[in-house]
Amino acid sequence: MSHGPRPLTARQEAVLAVIRSSLAERGHGPTVREVGEQVGLSSTSSVAHQLGRLEARGLIARTGRDWSTCVLVEEPPARQPGLRSRGPGGGADGYGRRLTP
């Protein structure tokens, strides 16, 4: 009986904030030690554990071997009921008929 994904912990939110800030300011992710300093974790293994949990949830990904290569994974925008994509059938009604102006 699953009720969806668990909300992020306060520490996970803090780690994500550090990553966002680093990417915005410097163009690359923070080191494990930098994350630890900013969120109050002295153990690099604790930081790596938090980063691993975020990666497992699909919120961050690494482009290389080190955690400093992490990037934020964009969540697809939530679909709103009643809105249709203007993809290949753009300008068509729900039955594939062209709409005339």
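These legends go with several close-up views of a predicted model.

**View 1. The whole protein, element by element.**
Start with the full chain: the secondary structure comes to three helices and two strands. Reading from the N terminus, the order is α-α-α-β-β. Of the 101 residues, 23% count as buried. As for contacts with a separation of 6 or more, 41% of them link residues 24 or more positions apart.

**View 2. How confident the predictor is.**
The protein averages a pLDDT of 81, and 69% of the residues score at least 70. Among the elements, where does confidence bottom out, and where is it highest? Strand β2, residues 70-72, has the lowest mean, at 91, while α2 has the highest, at 96. A word of caution for anyone zooming in: predicted coordinates should not be read in detail where pLDDT is low.

**View 3. Helix α1 crossing helix α2.**
A pair of packed helices is described by two things, the angle between the axes and the distance between them. Here the partners are α1 (residues 10-26) and α2 (residues 32-39), and their axes come within 10 Å and cross at roughly 120°. That angle falls outside the 65 to 115 range for roughly perpendicular and isn't over 145 either, so α1 and α2 are oblique to each other. As for handedness, the crossing is right-handed. On the α1 side, the contact is made by Arg11, Ala14, Val15, Val18 and Arg26. Helix α2 brings in Glu34, Val35, Gln38 and Val39. Sort the contact residues by class and you get five nonpolar, three charged and one polar.

**View 4. Ser22, a residue of α1.**
Zoom in on Ser22, which lies in helix α1. Is Ser22 buried or exposed? Its relative accessible area is 5%, and the cut-off for buried is under 20%, so Ser22 counts as buried. Setting aside neighbours within four places in sequence, Ser22 is in contact with Gly27, His28, Gly29 and Pro30.

**View 5. Arg20 and Val71.**
Arg20 also lies in helix α1. With a relative accessible area of 44%, Arg20 is partly exposed, because that value sits between the 20% and 50% cut-offs. How many residues apart in sequence are Arg20 and Val71? The answer is 51, yet in space they are 8.5 Å apart, C-alpha to C-alpha.

Terms used
Residues numbered from 1 in each chain as written. Predicted model: local features only at pLDDT ≥ 70, side-chain atom pairs only at ≥ 80, totals over all residues. Heavy atoms only, no water. Axes fitted to C-alpha atoms, helices over the stretch in contact; angles between N-to-C directions. Helix = DSSP H or I, 4+ residues; strand = E, 2+ residues; numbered from the N terminus. Parallel < 35°, antiparallel > 145°, perpendicular 65-115°, else oblique. Left-handed = near helix turned anticlockwise from the far one by under 90°. Contact = heavy atoms within 4.5 Å. Nonpolar A, V, L, I, M, F, W, Y, C, P; charged D, E, K, R; others polar. Buried < 20%, exposed > 50% of the residue type's maximum accessible area, 1.4 Å probe, protein only. pLDDT = per-residue confidence, 0-100.
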